[in-house]
Each structure stands twice: as structure tokens, then as C-alpha cells.
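Me: I should like to go through this structure by question and answer. Please begin with the terms required.

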Amino acid sequence: MANNTFNDTDNLRYLQLLSQTFPTVATASTEIINLQAILNLPKGTEHFVADIHGEYEAFQHILKNASGNIKRKVNELFGNTMRECDKRELCTLIYYPEKKLELVKAKEKDMADWYQITIHQLVRVCRDVSSKYTRSKVRKALPAEFSYIIQELLHERTDDVNKTAYVSAITDTIISTGTADNFIIALCNVIQRLTIDYLHILGDIYDRGPGAHIIMDTMRSYKSWDIQWGNHDIVWMGAAAGNDACICNVLRMSLRYANLETLEEGYGINLLPLLTFALDTYGDDPCPEFLPKAGSSGEGLDERSRLRIARMHKAITVIQFKKEAELFEKYPNWKMQDRELLKEIDYKNGTVKVDGVKYKMITCNFPTVDPKNPNKLTPEEEAVMRGLHSSFVHSDKLQRHMRTMLAHGCMYAIYNNNLLFHASVPLNPDGTLKEVELYDGKRYSGKELMHNTGLLLRSAFQQDTDPKEKAYAIDYFLYMWCGPDSVLFDKAKMATFERYFLTDKEPQKEAKGIFFNLRDNEKTVDYILDSFGVTGENRHIITGHVPVHVTKGEKPVKANGKMMVIDGGFSKAYHKETGIAGYTLVYHSRGFELVQHEPFTSADDVVRTGADIKGTTMIVEMSTHRMKVADTDKGAELKRQISDLKNLLYAYRHGFIKENR
């Protein structure tokens, strides 16, 4: 032990602070023993998901069944000692205990016997999934009302002749006191929580599907998770911060997919003024190009409702183009003034000029657009936007959810030698990192670009930010959504106008950035990993954002296994396009497995028939040895803590610090 540790005032002060937590040689030694033991536990299971897009039922089911891990453990534990149908019933009970209990009680004649058998089976499963963790961590996961009982059942066995009667008495009493249902529900929830050690969401909780707010409610109560913000999350964050162009985009996409639940029921956004304005302004317009998208919630609506949504959809889209143009004019350094296409319409000939080429338009019916001043809102449009702005910035639940986004997320993360981000790292044509201007003329690339982008966006929600910087940060959410060099977009343009109003496919193309063309190149991936400081033999980039088209033969694993793209299309609107219904990447103590999901029907179907969500598991990479906590980032931190505690022991034993007995 080097004495210079104790000649350094700061080091000695740190050890004195540490001594307040561990005041004696005995307490410090005990903690060293504890941490050293933890290092030898198996690595906890990490789950990675991306691009959930409001599909809350499928997402929640994946959390409940741990992407098939619970079924695998049940099969391993009970093997041929249980019939397949009974194992399926047990899994369903673990996923949906409340609903399954109702069905069981409706048909089971001897509930006391069923309770006895089921409780013992659940305890075996719980014992298995908790075996990776310390007793302290398991204890923290237990519900207070049953903590002591569950601990006793986990650590005592019926095959111990001295404890057989003791264990049997516990289960008998649970049943006789009428608490069996609540106990089973609590035990099932513990199994769910302990099967997944940590959850990574690689962006895009929002848009398309009906329950983004439900997903956010779920995550607010979830213990261990992070999120790398996606472009659809960012546009909602911008809307919550008060960016009117983002508000318009959020509304437009919600109407495009007939997804009004999140807006109205989730966040209490008042859409009545928009509806009134749309009916007054576009009452004679059939708006065929604005009808809800195929595969969306709009397919179940009657014609009158679909038409109302289409007119609201067109109304907010036109306002969006105007509000976006305001920011493109305000920030010429964004180089996006070519997207002000309302100025390029030739009403006489029914054409629009895009990138210097004239195209025939589907319609030129824009009653609120003044050809002499096309980007100016009418007084009625101004009134609609004032109301919508107020609804978004004063929605308590939306603001809470955005605070959750800020607390658990940012632009990227490095976790156990894996670099996580949603979409892209902007690159030059030669594959080097591209510099991008952020605020006040400052330019960044790679890791610094990601880091400083996150800081800038956070400043939009902070009260102590310089007002000028805060105003820019709020505006910058739009650039993050659709800017050519945005790390969340990285395309030449967002062709929203062209998709609505042109039949010609050429101007609708959105040329992807260099990153997307080079991400299958192992050297490029290694270069990016090096630039972010990601080390280790088995290192990877894990992203989402661009759906993997399985039906066209595209593979999610790229660059010789170093790049994994796990957007498999959770959104129902993408199922036909991708051919599947999402991916989950599972990183357990033996390596990586990629689970490819089939479409999820409903929780009721699972409970009633036992038909779990179907998935195909692909082994991506297996470790030569079973990884332990010592092999992880957490292990590295624990080793640093052990080193500090050993220094504290030295300080106690050599009189630098006095024990507080």
C-alpha cells in the first residue's frame, strides 16, 4: 500500500467520508467480503428493445415473459416431469396472474390442492431466477406484505427433513387464511422483475400505436432501465417544451394513424378547436390523401369519423409547413429553406417545384395559403395554435413523462462494451466523423456531438439556462426531428410534402446519410467504436430506427457481428413491410441471443388459450465462459470500491484514521 495515498489531502478527505459509512475495520472488511462475493455471481440478463411505437400490449407482454426466458426456465426446471399443457398454464399464470386466477377458479374443483401444487411450482421458478442475485437485492424486489414469507420459502426446502413440516405449514396457512391469490400474484410479479436485470430502450416509444402514454406509465414504475432518445421521442419532447412545429408534427402523425388515445385520453390535449377549424375550412374537401393510413386504428372507424380525421389531418399539416418555414427562415445555417415548398406552388398550372424540377400536384386546394405570403398563418390558424400550445405545455402528465425521459435517457450510452444509440453517427463520404454545428457556431463530431446535443436539448427544460440558449434549444428540437445532419435523422430531407401531394416517386425519396451505407463495414464500425472509447474483444454497436426488412432477406446482424440493428417493426403498420413484429436482443451470462417476434394478438388470448407470443431465437454470439459480474461495468465499479475499502483498512490499521466504535 503506497503511503502517498495518505499524503494527498483529497484522498484522505475521501477516506474520512467513506469511514462515516464504514466506521470500523470490521464493517469495512465485511463490505469487502460482500463485494468480492458479488463479483463471482453470474452476469445479470440485459434486454434491448427498439422502436416500440406505442404498441403497449406487445411491449408489456415481452416484459412479462422476458422474451421467452420464463418459458425456457420453466422447461429447464420441470422438463419431462410436467405435461406441456401444464407448463404452458404455469407460464401464463406468471405473465397474467390476476386474469389467469379468475379462469382457474371458474373451472377448478379442488382449489386447495391447486394452490398447494402451484405455490410450490412458483417458488421453484422464483428460486431459480433469483439465484443470480444477492439476498439483499432479492429482498428489495419483494413486496413488503409478503417479503418474510417469500424469503423463508426461497431459502428452505421440503426435501430437508427437519424443515418439511415448517414449509408445509407456511403454504397451508397461506391457503387457509384466504391470502393465496394475493400471494401468487405477488410471487408472479417478483419472477417477472427478477428475470430481467436491466432494460435498454433504443428509442421511439412514441407515435403510430395507441399506447405510448401507457408504456411511459409502465416505465415510471420500472426499476432498472435507460433509453437512448429516438426521433419520435424527440418530437414529443419538443412539443412538450413548446416548439409549435413539433406540436404540429405530433398531431399530424397521430391523425395519420388515427391514434387519438395518446393525445386525448393520455395527455388531455384538447382537439376540439382543431376539429371545428378543420370542418369550417375543409368541409367540402374529401381529403383522400389524408385519410388514416392502412394498418392503423383508422381501419375500424366509420366513414364519417375517418373523414373528420382526414380534415383535421390536412388542417394541421398545412399549419405545420408554415410553422416549420418560420424556423427555416430564422436559422439559415440549418440550410433547410429548400423545404419551404408552399412558396414553390404554381396554382395556375397545379405544379410545385422540388429541387428545381416541376411536378404535377394531386391537389392545390389550400384555402388558408396566401400565394403572396404562403408561410403566414391566418388569424384562425393562429388561434388554433395558441390553444394547442397551451394544451401541450400545461399537460401535467406529458410533462411528468418528459421528466422521466430526461431522468433515464440521453443520446447514447456505453454499457458493458456496447455502444447504444437510436439512429446514426454522421459521417463524411470517406467514413470519417462529420462535424455538425450545434449552438453559437460551435461544431462537434462523434461522441462530443452526441454529448453536447444531449446537453443542449436538456437546457430546453431547465429554468436556470441562459434565455437565448434555451430559446434555441426549444427550436432545435425541429432540426433533431428532420435536419439533414441530425444524429436522429441523417437523411437528405424529410419528404412529408411530397408524400402527401405528389404521385411521382422520385421526389419522395429520402437519401440516407453515409452512416447507413457504411454500417455493414467492419472497419467503419471499429472506427466508430474506437472514437467513442469502447474497448474489449466483444464490443458492438446496437441501434434501431431503420426497420429490418426480413421479407427481403435483410439481416439484423451486420459488420461481422459488431453491429446489431434491432428495429424489427413493433408497430402494426410495419408488419407487412418487415414480415415480423419486432426484435428483442437478450444479453445473458452466456452471450447474445436475438429473439424475432411474431405479431401479438392480445393478453386475453394468451390467458384464455395459453398461446404465448411466438418468437424465433437466433444465437448471435456466445461467450467461451459463463460471464460473471466481474466481467461487466458494474464489476469494474465494484473493484474500485474494493480498492477504496482496502485503502480505508490500511488507514485504520496504520493510524491515519481512527475507528468509530
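Reply: Buried means under 20% relative accessible area, exposed over 50%, and partly exposed in between (1.4 Å probe, protein chains only). This is a predicted model, in which local features need pLDDT of at least 70, side-chain atom pairs count only at pLDDT 80 or more, and totals for chains, interfaces and linings use all residues. Residues are numbered from 1 along each chain as its sequence is written, and side-chain values use heavy atoms, with hydrogens and water left out.

Me: Is Arg304 buried or exposed?

Reply: Arg304 belongs to helix α18; helices (H or I, at least four residues) and strands (E, at least two) are DSSP runs, numbered from the N terminus. Its relative accessible area is 65%. Because exposed means over 50%, Arg304 is exposed.

Me: Where is the kink in α22 centred?

Reply: Helix α22 covers residues 467-482 and reaches 24 Å from its first C-alpha to its last, close to the expected 22 Å (1.5 Å times one less than its number of residues). The bend at a residue is the angle between axes fitted to the seven residues ending there and the seven starting there. The kink in α22 is about 30°, and its centre is Asp475.

Me: Which strands stand at the edges of the open sheet?

Reply: The five strands run in the order β8-β9-β12-β14-β13, with mixed pairing; two strands pair if DSSP finds at least two bridges between them. Two of the strands have a single partner each, so one side of each is left without a neighbour in the sheet. These edge strands are β8 (412-415) and β13 (557-558).
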